[in-house]
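Here are some notes for a colleague who has not yet looked at this structure. Please read them with the sequence and model open.

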Amino acid sequence: MSFTNLYNKRTAGTPKACWVCLKPTTTVLATINTVDFLYTCDSHLTDRGFATLSSVGESSDGTRKLDIKPEEIAKVKEEWEEKQKQKQKQKADKEKEEEEQKKEKEESDKKDDEKQKDEGTSKSPSPKLSGSLSPLATPSPSATHQRFILHRDIFAMRLAEHRKRRQTTQAKELAPRLPGAPRGDVI
Ligand SMILES: [Zn+2]
């Protein structure tokens, strides 16, 4: 079973020997389905020669990082702010217009009121159903986990270790089926 180079940081209940320096540690790095896991001291997690903290928005295979330059972010931000300003301005203009219309309406309403008093009509607002269909809040998956990408060489070692282990298991499974050495039946 293969696994990708993307490890979630977890904390174990009981400390075990660090994979690197054999000091006891409760910090564990585990792949998504815990196909592979290794105990590591926290100090190694800051060592780029061992592992790199994976940024959010990284592709799940963990091999490529989204490369956005700071100046691009600044540009997008600027454009967005400009848009917001325009929106605000348009809103303000609209409000101004509405206010003027309202004033005009009030003037005409006053005249209408005189008429309506005789009729005695009362307008009741129709009840509105609101907020009954609020969307369910969905928690973002594994947002609490810090994710790490192992250094190429370290990951290669992990893969090699798994391959070796798999071969050993296979050899054990196959062993009973292999024809045994001739026993002492033939004298
Ligand atoms: Zn260590």
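The points below concern a predicted model and go from a sheet to two of its surroundings.

1. The sheet. Five strands form an open sheet in the order β3-β2-β1-β5-β4, and the pairing is antiparallel. At the edges are β3 (37–39) and β4 (51–53), each of which pairs on one side only. On average, neighbouring strands of this sheet are turned by 45° against each other, direction ignored.

2. Strands β1 and β2. Strand β1 (residues 7–17) runs antiparallel to strand β2 (residues 24–31), and 7 bridges join them. One residue pair to look up is K16 and T25: T25, in β2, is the bridge partner of K16.

3. Residue T25. This residue of strand β2 has a relative accessibility of 8%; buried means under 20%, so T25 counts as buried. Leaving out residues up to four places away in sequence, T25 touches T14, P15, K16, C18, Y39, T40 and C41.

4. The helix on the sheet. Helix α3 (residues 152–174) packs on the sheet and touches β1, β3 and β5 (147–150). The direction of helix α3 makes about 85° with that of β5.

5. Residue H162. Is H162, a residue of helix α3, buried or exposed? Its relative accessibility is 10%, and therefore H162 counts as buried under the 20% cut-off. Neighbours within four places in sequence aside, H162 is in contact with F3, V35 and D36. With D36 there is a polar contact between the two side chains, at 2.8 Å.

Conventions. Residues are numbered from 1 along each chain as its sequence is written. This is a predicted model: local features need pLDDT of at least 70, side-chain atom pairs count only at pLDDT 80 or more; totals for chains, interfaces and linings use all residues. Side-chain values use heavy atoms; hydrogens and water are left out. Two strands pair if DSSP finds at least two bridges between them. Helices (H or I, at least four residues) and strands (E, at least two) are DSSP runs, numbered from the N terminus. Axes are lines fitted to C-alpha atoms, for helices over the stretch in contact, and angles run from 0 to 180 degrees between N-to-C directions. Contact means heavy atoms within 4.5 Å. Buried means under 20% relative accessible area, exposed over 50%, partly exposed in between (1.4 Å probe, protein chains only). A polar contact is a pair of N or O atoms within 3.5 Å; within protein, one must be able to donate a hydrogen and the other to accept it, and residues adjacent in sequence count only if both atoms are side-chain atoms.
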